[in-house]
Amino acid sequence: MAPLEPWEKVLVKEEFLTSTHGVAGCVACHGGVQAEDKETAHTGMVANPAKDPQPLCGTCHQETVDDYQTALHNTQAGYFKMMYSRSLPENHAALDEAFGNHCASCHTSCGECHISQPASVGGGLLNGHLVEKTPPMTRTCTACHGSRVGAEYLGKHEEIPGDVHFRQGRMNCISCHSGSSLHTNDTASANHRYDGPESPACVSCHDTYGTLKDPISQHVIHEDKLSCQVCHSVQYTSCDGCHVSISESSGNPIFKTEGDYFTFFIGKNVRQGSDRPYEYVVVRHIPVAPDSYTSYGDNLLPNFDLLPTWAYATPHNIQRSTPQNATCNSCHGNAELFLTADKVSAEELEANQAVIVDEVPAARP
Amino acid sequence: MIPWKKLAGLAALLVVLSACTARTPPVNVEPTAVPTTITEPVLTPTSTPTQVASTDYCATCHLDKDELIRTAKPVVEDTESESEGKG
């Protein structure tokens, strides 16, 4: 996404001034003062007043604002759950500081989806300050979720096709991730996006999957053994060791990842339960390392091995036909597809014991 | 036989006597107080009316591309990001 010119970010359309959200006038939400001089006019101005949505958005959209208090886009609870799970309470303050410097900018306010681009990607009005009920996908959703999800879904990686839901269905993000699901997370999923029932779930649309009406026998055979992505995803991005610190030269928060590469590995499902009964799922390497936060303190992740570094994944590059679903033995007996111990680095073996496939399903006769 | 003459006389006497009865005090017909809920006006975020501007200076500038370009802060050349790898 090309960056906007400074004037483009703040150019207001005249029709906004007479729209429902515009009639109150600029100062009503942004503060500042009515003055001809720019510096005076901007005195006390709040660029993103929706950061505190209650007194503004909540005046009319009370229910949504209330719901949003629990939304992962607001709380970022998933980050804390995973950081803290690998750490100890005495380290939380240092981790919180690192989070504040490097991760908190991913927080999204009402305005950062419906009025402007998120601040973390440079901001700028989406459509002359008009409020967009449905945020434009590439300027909001994939502006943040771009390096993996966006690139994979839209087919931006050479020789790896985009997701069939985009290529043929022309579906955008909210076709599956409804507004209501983005505005709130229920108790089950309040701390992690993969907690609780699958949402969205492929079977919400593909509702004959595994039933007597399903014309595809492989679906019936593998019904609860495999997540959909095991058969219908293709290569996706994995990342290695992200390290965060403060730049000595500029004082800015910076990160360095050790690398990124394409993988397709089937691993054991560490989230197996009634909501996700699959024995096998696809896994990706996530960019965490024992020393990811070393610049904020020594040994801040002493329980690093409690969670796998090859994590449950739901790549957004679904295809009807994939190399692994071509024939039975494209997958059965094909050790290359499975996350076996030899593919895991020695220092991460302990962390990934529950994910590693010890015995690859045998080839069919 | 109905004594019509006596009845008529009695009625006339009653009419005359009723005019002589003591004046009754007026019934207090003050309206009973009806409890009403006085609702505070809902406060909606509005600007502090420090002044009534005849010109909307915000709009004057922010609707004008050329004015925004003229008044924009000089762009500081973006130094190459110090971060490395996919974020």
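**Figure 1. Chain B in the predicted model.** Of the 87 residues of chain B, 3% count as buried. The model is predicted. Chain B holds 3 helices and 0 strands. Along the sequence, its elements run α-α-α.

**Figure 2. Where chain A meets chain B.** The contact involves 32 residues of chain A and 25 residues of chain B. On the chain A side, five elements of chain A give two or more residues: α1 (6–10), α2 (14–17), α3 (26–30), α4 (38–41) and β2 (253–263). The largest share, 5 residues, comes from β2(A). By class, this side of chain A has 19 nonpolar residues, 8 polar residues and 5 charged residues.

**Figure 3. The two domains of chain A.** The domain assignment splits chain A into domain 1 (1–160 + 172–200) and domain 2 (202–365). Domain 1 is thus given as two segments, 1–160 and 172–200. Taken over C-alpha atoms, the centres of domain 1 and domain 2 of chain A are separated by 28 Å.

**Figure 4. The domain contact within chain A.** Here 22 residues of domain 1 of chain A are in contact with 26 residues of domain 2 of chain A. On the domain 1 side, α7 (77–85), α8 (92–102) and α11 (146–154) of chain A each supply at least two residues. The largest share of that side, 6 residues, belongs to α8(A). The domain 1 side divides into 11 nonpolar, 6 polar and 5 charged residues.

**Figure 5. Strand β4 of chain A, seen by its two faces.** Strand β4(A) spans residues 280–285, and 6 of the 6 are buried, so this strand is largely enclosed by the rest of the structure. In a regular strand, side chains alternate between the two faces of the sheet. On one side of β4(A) are A:Tyr280, A:Val282 and A:Arg284. On the other are A:Val281, A:Val283 and A:His285. These residues are all buried, and both faces of β4(A) are covered.

**Figure 6. The strands that pair with β4(A).** Strand β3 (residues 265–268) of chain A pairs with β4(A) in the antiparallel sense, over 4 bridges. Within this pairing, A:Phe265 has A:Val283 of β4(A) as its bridge partner. Strand β5 (residues 310–312) of chain A also pairs with β4(A) in the antiparallel sense, over 3 bridges. There, A:Arg284 stands opposite A:Ala311 of β5(A). Both A:Val283 and A:Arg284 are buried, on opposite sides of β4(A).

Definitions and conventions. Residues are numbered from 1 along each chain as its sequence is written. Chains are lettered from A and ligands numbered from 1 in the order in which they are written. This is a predicted model: local features need pLDDT of at least 70, side-chain atom pairs count only at pLDDT 80 or more; totals for chains, interfaces and linings use all residues. Two residues are in contact if their C-beta atoms, placed from the backbone, lie within 7 Å. Ala, Val, Leu, Ile, Met, Phe, Trp, Tyr, Cys and Pro count as nonpolar, Asp, Glu, Lys and Arg as charged, and the others, Gly among them, as polar. Domain bounds come from an automatic or database domain assignment. A residue is buried if 20 or more other C-beta atoms lie within 10 Å of its own, exposed if 12 or fewer, and partly exposed in between; C-beta atoms are placed from the backbone. Two strands pair if DSSP finds at least two bridges between them.
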